[in-house]
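Me: I'd like to get better at reading a model by eye. Could you walk me through one, feature by feature?

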Amino acid sequence: PGFPAAHVRSSFLDFFRRRHGHLLVPSSPVRPRADPSLLFVNAGMNQFKPVFLGTVDPRSQMASYRRVVNSQKCVRAGGKHNDLEDVGRDTYHHTFFEMLGNWSFGDYFKVEACQMAWSLLTEHYGIPADRLYVSYFGGDAASGLPADEETRNIWLDLGVSPGRILPFGLEDNFWEMGDSGPCGPCTEIHFDHMGGRDAAFLVNAGSPDVVEIWNLVFIQYNREPDRSLRLLPRFSVDTGMGLERLVSVLQGKRSNYDTDLFTPLMDAIHQRSGVGPYTGRTGTEEGSQVDLAYRVVADHIRTLSVCIADGIHPGMSGAELVLRRILRRAVRFCIQVLQAPQGALASLVPTITQLLGDAYPELKQEEDRIVDIINENEAQFLASLQQGSRIIQRTLSKKDCKHSGFPASVAWTLHRDLGFPLDLVDMMLEERGVRVNRQDLERLLSENQKDVVFPVDGLVQVGGYVVHQVTATDRLKTGDQVQLHLDQAHRL
Ligand code: ATP
Ligand code: MG
Ligand code: MG
Ligand code: MG
């Protein structure tokens, strides 16, 4: 193709570096540094948070940043930005992705940011303007925030037609990193993969036909711990564009998985599998379960490789627990759906190194360690998976579950005693054409809400949640009061 991913990545960086005087800053590791409010680095701006906040050490190099560009490794699989449930089901949300971004720290603001973005997309990359939509913050009456008319006018001045400039609320057009921190109104650029008709109603509607590609955030505020907004001493620009989505646009593909960032990986998976090649089916189409498995495995092995290279290992709490869950999901899809042998997952790591190792050399350095850790964890999981499948099979052979549903008590046992995430139980049942009895399960969940238990593998659970930031040295017993922040806890 005319736009190999490696070229898209480097041309983005060059555009801002050479043409617009930005300093190239390397990606930070995905393990957040000194920021307990984050499980993973989830946006390019994370490493610059002290600059936005004005808390940066004045002697550090960061204090001198005015214009910066980078390509950041991001993971969205927990906390405020959690896309884990969508991965594989759609074709444009990944747990690991690369975010291309440019920043102004008290330098340029809205006008220049929009100009540069528009010129890059429409002139430099030649994307037709009639395939693009832009959104802006339409205000929020409840919190007294005004609409960002300034940005709307900037787009009009750049020649965007009024019908392609759409207002949205807090949810889509007010960007926040986490529960607190720098934030502000944003304007986003969306690409219409279909063309040829008015697709305005598909913007921000979760459709694969019109996909958000670039977010330009105008950082004016800090969200304080008490939820109020404080105006920052100087305004900044923070943008983020998903490389995988941009590449799919430039390579004329409807799915990120059909770009050269993924096709060698899909081929490698196919070689190890006992099923046909990846054919891109989604939804309820016949055979889509296999393609879903391809996407999940491809996504998860990227995330596992990047996280392990950066020192996050599958484990028992926080980000490590999330990674453990990702690993277990990948293993199950690999073996049960793709019919690949044990060891297949880890054997994909060299392909990841080939695809991403030039951009992120730590993947090359850590390759052997990544392979070993994945293999060890796979072996552990397979032992308990076998036990779980036997229990499900035995239950189904004894009881007709088509009408009353799969007994919640058995699902609960798998979950609580064998450490199976409930969504994994759901998926295993779905494959066998049954569903768990929801009503009973909800009841069990709420009955156990107050119970703090230490199941076999030592996870601390409250109801259906695993509590983060409780370490094995914390001595909790039933009846102890625990303060729960559910958005920091993980639904199992
Ligand atoms: P979406 O609405 O599609 O979930 P978002 O609004 O959550 O995206 P932002 O936080 O605005 O995304 O991040 C900036 C850009 O990063 C997005 O415009 C998109 O191109 C990319 N991006 C965000 N989440 C993902 C993801 N899970 N996988 C791949 N790219 C992503
Ligand atoms: Mg999102
Ligand atoms: Mg969005
Ligand atoms: Mg967005």
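Reply: Sure, we'll take the ligand shell, then some helix packing, then one helix with two faces. Keep in mind that this is a predicted model.

Me: Let's start with the ligand. Which residues come nearest to ligand 1?

Reply: Start with the neighbours, then ask what they are and where they come from. Here 15 residues surround ligand 1, and Asp83, Phe97, Asn215, Gly240 and Gly242 come nearest. By class, the shell splits into 5 nonpolar, 5 polar and 5 charged residues.

Me: And which element gives the largest share of the shell around ligand 1?

Reply: That's β10, with 4 residues. At least two shell residues each come from β5 (96–105), β10 (210–223), β11 (229–242) and α6 (243–250).

Me: Now helix packing. At what angle do α8 and α13 pack?

Reply: For a helix pair, look at the angle, the axis separation, the handedness and then the side chains. Helix α8 (residues 288–309) packs on α13 (residues 367–398) at about 115°, and the axes are 9 Å apart. Their crossing is right-handed. On the α8 side the contact uses Leu304, Ser305, Ile308 and Ala309, and on the α13 side Arg369, Ile370, Ile373 and Ile374. That makes 6 nonpolar, 1 polar and 1 charged residues in the contact of α8 with α13.

Me: Which residues of α13 does α11 meet?

Reply: Glu367, Ile370 and Val371 of α13, which are met by Val349, Pro350 and Thr353 of α11. So you can see Ile370 listed in the contact with α8 and also in the one with α11. Helix α11 (residues 349–356) and α13 pack at about 145°, with axes 10 Å apart, and this crossing is right-handed. By class, the contact of α11 with α13 has 4 nonpolar, 1 polar and 1 charged residues.

Me: Last one: how do I spot a helix with a buried side? Which residues of α15 are buried?

Reply: The general idea first: an α-helix has 3.6 residues a turn, so residues three or four places apart point the same way. In α15 (residues 422–431), the buried residues are Val425, Met428 and Leu429. They lie on the same side of α15 because they cover an arc of only 95° around the axis.

Me: What covers the buried residues of α15, and what does the face turned away carry?

Reply: The cover includes α13 and α14 (408–418). On the face of α15 turned away from the buried side you'll find the exposed residues Glu430 and Glu431.

Me: Which residue just after α15 takes a positive phi?

Reply: Gly433, with a phi of about 75°.

Terms used:
Residues numbered from 1 in each chain as written. Chains lettered and ligands numbered in written order. Predicted model: local features only at pLDDT ≥ 70, side-chain atom pairs only at ≥ 80, totals over all residues. Near = placed C-beta within 6 Å. Nonpolar A, V, L, I, M, F, W, Y, C, P; charged D, E, K, R; others polar. Axes fitted to C-alpha atoms, helices over the stretch in contact; angles between N-to-C directions. Left-handed = near helix turned anticlockwise from the far one by under 90°. Contact = placed C-beta atoms within 7 Å. Buried ≥ 20, exposed ≤ 12 C-beta atoms within 10 Å, placed from the backbone. Arc of directions from axis to C-beta.
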